[in-house]
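Visitor: I'd like a close look at just one part: how the DNA is held. Take your time and walk me through it.

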2 protein chains.
Amino acid sequence: MDEVSRLATVLRPVRAGNAFEETVERLLQVIKLGLVAEKLPPERELAAQLGISRVTLREAIRALAEAGYLTVRRGRYGGAFLTYTPPRPRRDDLRRAVVDMGTDDLGDALTFRMAVECGAAQVLATAALTEERRDTLRERLREVNSSGPDDYRRLDTAFHLAIAELTGSSLLAAACADARLRVTDLLNAIPVLRRNIEHAAIQHEAIVTAILAGDPEGARRAVAEHLEGTAALLRGFLA
Amino acid sequence: MDEVSRLATVLRPVRAGNAFEETVERLLQVIKLGLVAEKLPPERELAAQLGISRVTLREAIRALAEAGYLTVRRGRYGGAFLTYTPPRPRRDDLRRAVVDMGTDDLGDALTFRMAVECGAAQVLATAALTEERRDTLRERLREVNSSGPDDYRRLDTAFHLAIAELTGSSLLAAACADARLRVTDLLNAIPVLRRNIEHAAIQHEAIVTAILAGDPEGARRAVAEHLEGTAALLRGFLA
DNA sequence: CGTCAATGGTCTGACACTAGCCCAATAAGA
DNA sequence: TCTTATTGGGCTAGTGTCAGACCATTGACG
């Protein structure tokens with residue numbers, strides 16, 4: 001923890017890559033997290049939101065279309081339609097995904113996720129929530145608990161992100177989304193079993209109960225336990 | 001929390017600004033956080049670390065030199081030397097800084113900081129720490145506790161960042177650094193009083209004790225209490 | 001069955017940024 | 001006093017990105 005290593009924290013690259021690459025990454029996030037139902041917003045609008053030119057956005061869309069994630073149709077009522085269905089997890093996919101990611105990056109991502117999601121739950125449990133927000137949280141819980149295996153990942157993501165978003169901090173929401181994204185591919189490689197869903201449902205209940213009760217310690221602990229299960233499973237492949 | 005607002009989390013601008021602006025921002029961070037003692041690394045090296053061209057870096061350095069933060073000297077043993085001393089806080093500086101930042105951004109930053117720093121402390125308290133890391137933490141504590149008013153902010157920053165860095169997650173370290181930076185200007189506008197330092201010292205002790213004892217709940221609570229003091233002070237200016 | 005609004009497709013001129021090269025200055029050390 | 005390694009200063013050719021305009025296509029609706 002000398003001066004050099006402290007510097008490295010701030011003296012990292014200013015930009016993750018070129019605009020094209022970053023855009024592809026972003027769009028993949030939107031698609032894989034299931035944040036958009038059937039088609040992307042119009043190019044002009046999307047380019048404005050992403051702060052890039054239409055040219056660059058279109059290159060990214062073309063790349064994703066060639067990779068099979070999107071199908072683009074012209075004319076009014078056209079657009080970039082999603083044609084992505086998460087592949088059915090196969091034996092050994094997970095191991096390969098974990099190894100691809102690398103020991104250091106995986107540990108980093110899991111630690112990061114643990115910290116920000118626990119922090120978000122704690123903050124939310126500390127805040128004075130409006131009845132509307134409490135309802136939103138209950139609604140997300142209901143959705144994920146009543147989902148079938150096909151929709152499970154998407155609704156689970158929505159539930160976890162909702163906790164961060166309800167804090168009202170967009171920085172925190174972005175951090176949680178980022179953390180989730182770094183393990184999305186790994187999660188998608190884990191088969192969704194009825195038993196896992198039921199187990200997770202109990203933990204989700206505990207999280208919501210603690211948050212609504214205004215119990216930061218309980219919320220923190222519940223999230224930590226919930227995430228530790230997945231983390232331990234993934235870390236197991238590194239041995 | 002409809003689809004639109006969930007999208008907004010991910011569909012934010014891919015780049016914060018142009019390379020020049022982001023570089024200036026980064027260098028200011030390094031300077032204001034006191035992460036570098038007397039001069040910046042050589043241009044070629046720095047440009048490589050920041051992932052930008054020397055031309056862009058040099059523009060940023062020139063801007064900072066004109067603003068009085070740096071003095072550049074040519075030739076061997078030359079470089080960009082720091083000539084920045086934090087201005088002595090004056091009455092009303094703080095109020096102006098808070099108002100400049102805006103209600104939403106300030107709340108966002110404070111919430112974000114609360115979440116990531118609490119999360120980092122919790123994670124660190126959960127981890128099995130090597131004796132070396134325990135020593136590093138004790139050392140940072142000792143430094144900040146024995147500092148005078150002049151060095152206080154810098155060593156306080158180092159202490160808080162050390163918690164995140166000791167988790168071994170560079171993502172988490174970056175998030176904490178980011179969170180800290182968003183309130184640096186405000187903190188610098190708060191006079192450093194002996195009474196505040198003593199109060200903070202007790203809280204710092206509690207944080208370290210909980211972490212070293214492997215008590216995540218206690219660590220979380222100690223950090224939350226520590227940060228709540230500052231947060232309440234700043235929020236007071238928004239009323 | 002035509003109209004037209006909304007959407008993707010394409011082009012151009014301008015600017016930002018980069019990589020790589022060489023020059024100029026400086027101060028430690030022979 | 002001279003050499004030389006190290007550092008900032010400056011130039012150029014090439015590429016990435018942007019803003020804005022205009023074209024092409026489509027399908028709902030009158």
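Guide: Let's start right at the bases: in DNA strand D, a base oxygen sits 3.0 Å from a polar backbone atom of R76(B). That is a polar contact, meaning a pair of N or O atoms within 3.5 Å (within protein, one must be able to donate a hydrogen and the other to accept it, and residues adjacent in sequence count only if both atoms are side-chain atoms). Chain A reaches strand D's bases too: a backbone N or O atom of G75(A) is 3.5 Å from a base oxygen, and R74(A) puts a polar side-chain atom 3.2 Å from a base nitrogen.

Before we go on, keep in mind that this is a predicted model, where local features need pLDDT of at least 70 and side-chain atom pairs count only at pLDDT 80 or more, while totals for chains, interfaces and linings use all residues. Residues are numbered from 1 along each chain as its sequence is written, chains are lettered from A and ligands numbered from 1 in the order in which they are written, and side-chain values use heavy atoms, with hydrogens and water left out.

Now zoom out a little. Strand D has 25 residues around it, and A19(A), T56(A), R44(B), R54(B) and R58(B) are the closest; "near" here is a heavy atom of the residue within 4 Å of the strand. Of the strand D atoms that come within 4 Å of the protein, 65% belong to sugar and phosphate. By class, that surface has seven nonpolar, seven polar and eleven charged residues. In this scheme Asp, Glu, Lys and Arg are charged, Ala, Val, Leu, Ile, Met, Phe, Trp, Tyr, Cys and Pro are nonpolar, and the others, Gly among them, are polar.

Now hop over to strand C. R44(A), R54(A), R58(A), A19(B) and T56(B) come nearest, out of 25 residues around this strand. Sugar and phosphate make up 64% of the strand C atoms that come within 4 Å of the protein. For the backbone, look at S53(B), with a side-chain N or O atom 2.8 Å from a phosphate oxygen. For the bases, look at two arginines: the side chain of R44(A) has an N or O atom 2.6 Å from a base nitrogen, and the side chain of R74(B) has one 3.1 Å from a base nitrogen.

Which elements build the surface near strand C? At least two residues each come from α3, α4 and β1 (70–73) of chain A, and from α2 (19–32) and α4 of chain B. Helices (H or I, at least four residues) and strands (E, at least two) are DSSP runs, numbered from the N terminus. The largest share, three residues, is α4(B)'s. This surface counts seven nonpolar, seven polar and eleven charged residues.

One last step back, to the protein chains. Turn chain A by 180°, shift it 0.1 Å along the axis, and it lies on chain B with an RMSD of 0.1 Å, the fit being least squares on the C-alpha atoms of residues with pLDDT of at least 70 in both. So the two copies are related as by a two-fold rotation axis. The same surface serves both copies, with 100% of chain A's contact residues recurring in chain B; contact means heavy atoms within 4.5 Å. In numbers, 60 residues of chain A touch 60 residues of chain B.
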